[in-house]
Amino acid sequence: MQSAPSLPALSLLLRGAALLVVWWALTLGETSALGFGLGVTALVAWLSVRLFPPSGYHLRPLGLMLFLGYFLSRSVVAGLDVTRRLLSPALPVHPGEITLTLYLPEGSPRWLLANTLSLMPGTLSALLEGDQLTLHCLDTREPVEQDVRETERQVARVFGLSLNDIGRAVQ
C-alpha cells in the first residue's frame, strides 16, 4: 500500500515542476538546456523547501487572481504617485518608518504581505519580527496603515482566510 507523499516532498515536487516550467520558458524550449535546467531547478526547489518550509496554508485560485488584479492596479497608481512626487520641483515627500502590528497568521500569509508591500512603490518592508512589521515609507503623511490593512485583507483572501481572522485590523 502506497502512502501519500509528505508535505515537504509534495512541496519539493510542485516547486521543482513550477521552476522547470519557468526554466523551459526562459530557454524558449531549448532541449539542449534541459539537462542543466533539471539540475538547477532541483537544487533551487530543495533550497526553497529548506529556507521556506511548506505551511498549512493553501492558495485559493480565485483569491490569487483577484489579488493579482489588486496588486497590479495598486502598483500602477502608486508608481504614478511616486513619479509625480519625484518630478515635482517641491519634491513633496516625508520619508520615515512606521511599525504596525499584523493580524495575518504567521508563515506564508505574513510573508506574502511583507513582500507585496516591498514591491509596491512608496513602501519597503524593513523588518518583520513576529507580528510587527516595520515599513520604510516615502511619505508618512499618507494613510499608510489604511493601505496596509487593505492589502492585508487582500492577502487573507488569497489563502481563504475569513476577514474575522484579521477582524481586529478591519474594524
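Visitor: Is the crossing of helix 4 and helix 5 right-handed or left-handed?
Guide: Happy to start there, and please keep in mind that this is a predicted model. Helix 4 covers residues 108-119 and helix 5 covers residues 144-158. Where helix 4 and helix 5 cross, the crossing is right-handed.

Visitor: Is helix 4 oblique or roughly antiparallel to helix 5?
Guide: Let's look at the geometry: the two axes are 10 Å apart, and the helices pack at an angle of about 135°. Roughly antiparallel would need an angle over 145 degrees. That angle therefore makes helix 4, relative to helix 5, oblique.

Visitor: How many residues of the contact of helix 4 with helix 5 are nonpolar?
Guide: On the helix 4 side, the contact uses Pro109, Leu112, Leu113, Thr116 and Leu117. Helix 5 brings Val148, Thr151, Glu152, Val155 and Val158. Sorted by class, two of the contact residues are polar and one is charged, while the nonpolar ones number seven.

Visitor: Is helix 3 roughly parallel or roughly antiparallel to helix 5?
Guide: Helix 3 spans residues 61-87, and its axis comes within 7 Å of the axis of helix 5. The two axes cross at roughly 155°. Angles over 145 degrees count as roughly antiparallel, so helix 3 is, with respect to helix 5, roughly antiparallel.

Visitor: How many charged residues are in the contact of helix 3 with helix 5?
Guide: Helix 3 passes helix 5 in a left-handed crossing. Residues meeting there include Arg74 in helix 3 and Asp147, Glu150 and Arg157 in helix 5. The contact also has six nonpolar and three polar residues, and its charged residues number four.

Visitor: How much of residues 61-80 is helix?
Guide: The unreviewed UniProt entry places "transmembrane region" at residues 7-26, 32-49 and 61-80. In the model, residues 32-49 are 89% helix and 0% strand, with end C-alpha atoms 27 Å apart. For residues 61-80, the end C-alpha atoms lie 29 Å apart, strand makes up 0%, and helix makes up 100%.

Visitor: What separation is there between the centres of domain 1 and domain 2?
Guide: Good one to finish on! The chain has six helices and three strands, and its C-alpha trace spans about 65 × 40 × 30 Å along the principal axes. Domain 1 takes in residues 4-49 and domain 2 takes in residues 59-157. Taken over C-alpha atoms, the centres of these two domains are separated by 30 Å.

Methods
Residues numbered from 1 in each chain as written. Predicted model: local features only at pLDDT ≥ 70, side-chain atom pairs only at ≥ 80, totals over all residues. Heavy atoms only, no water. Domains from an automatic or database assignment. Axes fitted to C-alpha atoms, helices over the stretch in contact; angles between N-to-C directions. Helix = DSSP H or I, 4+ residues; strand = E, 2+ residues; numbered from the N terminus. Parallel < 35°, antiparallel > 145°, perpendicular 65-115°, else oblique. Left-handed = near helix turned anticlockwise from the far one by under 90°. Contact = heavy atoms within 4.5 Å. Nonpolar A, V, L, I, M, F, W, Y, C, P; charged D, E, K, R; others polar. UniProt positions renumbered as here; feature names shortened; annotations may be inferred.
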